[in-house]
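Here are my notes on the model you passed along. Have it open while you read, since I jump around the chain a bit.

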Amino acid sequence: MTELKKQTVNFIEHNKEIFTKLSDEIWANPELSLKEYKSAALYEKVLEENGFRVEKNFDNIETAFTGTFGSGHPVIGILGEFDALSGLSQERNALSHTPLVEGGAGHGCGHNMLGTGALAAAFGIKHYLETSGHEGTVIFYGCPGEEGGAAKAFMARDGVWKDLDAALTWHPEDVNEVKTGTNNSTIQILYDFHGVSAHAAGDPEHGRSALDAVELMNTGVQYLREHMTSDCRVHYAITNAGGVSPNVVQDHASVLYMVRAGKVKNCVELLKRVDKIAEGASLMTETSFDRTFIDGTADLVPNFTLEKVLYENFRELGVPTYTEEEFEFARKLSATCPENPAPGFASKHDDEIREYTEKQSQHGTTGINNFLIPLYHSTAFQAGSTDVGDVSWETPTGQIHVAGFVNGAPGHSWQNVSCGGSSIGHKALIHAGKVLACAALDLYEKPDILKEAREEFEKRTASGYVCPIEKDAKPIAL
């Protein structure tokens with residue numbers, strides 16, 4: 001490890017209480033997508049107090065912000081998230097489902113760790129730029145609404161990420177690995193149908209049922225499923241069934257649709273077919289409807305060049321270390337989760353790596369995976385969606401996973417909330433900050449890496465970015 005990297009790592013370690021305290025505050029005050037007012041204010045205060053130039057209400061999104069330090073190129077973006085999920089309130093360090101607030105929100109995806117770990121990286125990079133005198137800029141992006149709102153995708157529509165030479169981020173998971181591959185694109189649309197109310201027995205002929213329209217739309221989409229490619233998915237939720245009186249013709253009903261496809265351009269085309277089904281349902285029932293765009297995200301564009309840089313720094317730094325008490329807690333919490341003997345993305349695609357991870361995790365019995373999965377490059381598909389995909393269509397983007405959850409912890413679970421407020425979560429976010437910062441130093445110090453990453457990016461994105469965010473849409477908090 002170079003002396004500059006050692007200094008950067010030591011700086012993050014010396015200041016770790018800034019980041020763990022902030023993580024705990026955000027964990028204790030979970031806020032839903034695009035409503036993260038307290039969290040954003042906390043970040044903005046810490047950034048301003050530590051010498052970053054802060055821009056609030058970034059890209060006209062109330063809870064988005066940036067913190068910038070330095071000047072000139074390379075310009076490295078560090079992506080942070082901080083929204084929570086509904087219904088996942090949970091005590092920290094608990095081994096059973098024990099909500100703090102019944103029905104309350106909780107950080108079931110670990111974004112309290114994600115944002116603060118990314119912030120630690122930005123602080124480390126700032127320290128490097130100050131002490132080395134190297135030209136360059138670091139921008140910390142406070143990106144709200146990853147769970148619903150897709151702020152990064154709205155920013156991509158506005159060309160925000162094109163100004164970067166590269167973007168780096170991380171996510172807490174139950175493994176230590178460099179993220180590779182691609183995933184679903186997705187678009188959400190709310191369809192509000194409007195009809196005419198009437199007495200269902202005495203005057204039904206004058207009624208026009210909005211609920212009938214919703215049900216006919218859902219039936220139409222069921223028949224569409226046969227005629228989609230295998231990578232596509234369509235999900236829906238009836239958000240308003242028109243009331244609880246069966247003897248009234250419902251004059252208002254709503255359904256929220258989520259359309260997914262492996263490629264964002266195919267997702268946009270599939271949505272057009274769903275729109276036509278909504279139109280057909282409206283015609284059949286003589287109702288009208290309002291169509292509201294909610295959000296959308298693109299598929300990820302992997303960058304093997306950045307993956308290699310991230311891996312080399314991850315390998316050099318190793319993985320977090322744990323006390324016996326932490327291992328014991330992890331084993332007990334992991335026992336409440338589904339069996340997961342071969343964790344990680346690569347284990348699903350490479351036999352040798354699967355054997356390695358099974359051995360290292362002792363077939364899923366260690367509780368927490370305290371090893372680094374070997375470097376694995378892939379363009380393979382995995383389920384799920386993230387607005388980091390939209391960033392990756394506008395600039396070379398790299399990501400890592402650090403074990404902030406116990407082995408086998410389901411996504412969006414109370415187990416994640418319990419662990420994310422623990423010392424295990426603290427260790428994950430600090431370690432992630434160190435890996436990202438050291439990788440960024442390589443990008444500043446070695447221009448050939450950025451050149452190679454850019455050339456790879458240009459090849460992978462040659463088909464052009466089809467933005468899932470419609471022209472006049474604005475972020476909406478559901």
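What follows is a set of numbered points, going from the overall fold to rings and charges.

1. First, a reminder: this is a predicted model. Every value below is computed from it, so to speak, as drawn.

2. On the overall fold, the chain has 14 helices and 13 strands. Its radius of gyration is 23 Å, close to the 23 Å that the globule rule gives for 478 residues, so the chain is as compact as a globular protein of that length. If you want box dimensions, the C-alpha trace spans about 85 × 50 × 45 Å along its principal axes.

3. How much of the chain is buried? Buried residues account for 57% of the 478. As for what is left on the outside, the chain exposes about 19,400 Å², with carbon and sulfur atoms supplying 50% of that area.

4. The contacts reach a long way along the sequence. Taking contacts between residues at least 6 apart, 82% of them join residues at least 24 apart.

5. Now the rings. The count comes to 20 aromatic pairs. One of them is Phe52 with Phe123, a tilted pair at 5.4 Å centre to centre and 35° between the planes. This pair links distant parts of the chain: Phe52 is in the loop between α3 (37-49) and β1 (53-56), while Phe123 belongs to helix α4 (residues 111-132), 71 residues apart. Buried or exposed, these two, Phe52 and Phe123? Both are buried.

6. Phe52 has a charged partner as well. The charged end of Lys126 sits over the Phe52 ring, 5.9 Å from its centre. The cut-off for calling this is 6 Å, so I'd read that 5.9 Å with the limit in mind. Arg92 does something similar with Trp27: its charged end sits over the Trp27 ring, 4.0 Å from the centre.

7. There is also an aromatic cluster to look at. Tyr191, Phe193, Tyr236, Tyr257 and Phe289 form one cluster together.

8. On to charges: the structure holds 23 salt bridges. Which parts of the chain does the bridge between Asp275 and Arg291 tie together? The closest N and O atoms of Asp275 and Arg291 are 3.0 Å apart. Asp275 lies in helix α7 (residues 264-285) and Arg291 in strand β11 (residues 288-297), so this bridge ties together parts that are 16 residues apart in sequence. Asp275 counts as buried because its relative accessibility is 15%, under the 20% limit. Arg291, at 30%, counts as partly exposed.

9. Two other bridges are worth a click. Glu13 and Lys16 meet through their side chains at 2.9 Å, N to O. Glu13 has 31% relative accessibility and so counts as partly exposed; Lys16, at 35%, is partly exposed too. The side chains of Asp158 and Arg157 meet at 3.3 Å, N to O. Here Asp158 is partly exposed at 40% relative accessibility, and Arg157 is partly exposed at 26%.

10. Last one: Glu324, Glu328, Arg331 and Lys332 are linked in a network of salt bridges. When you go through the charged groups, look at these four residues together.

Key
Residues numbered from 1 in each chain as written. Predicted model: local features only at pLDDT ≥ 70, side-chain atom pairs only at ≥ 80, totals over all residues. Heavy atoms only, no water. Phe/Tyr/Trp six-rings, centres within 6.5 Å; stacked < 30°, edge-to-face > 60°. Helix = DSSP H or I, 4+ residues; strand = E, 2+ residues; numbered from the N terminus. Buried < 20%, exposed > 50% of the residue type's maximum accessible area, 1.4 Å probe, protein only. Lys NZ or Arg CZ within 6 Å of the ring centre and 35° of its normal. Rg over C-alpha atoms; globule rule 2.2 N^0.38 Å. Contact = heavy atoms within 4.5 Å. Areas by Shrake-Rupley, 256 points an atom, 1.4 Å probe, with all protein chains shown as cover.
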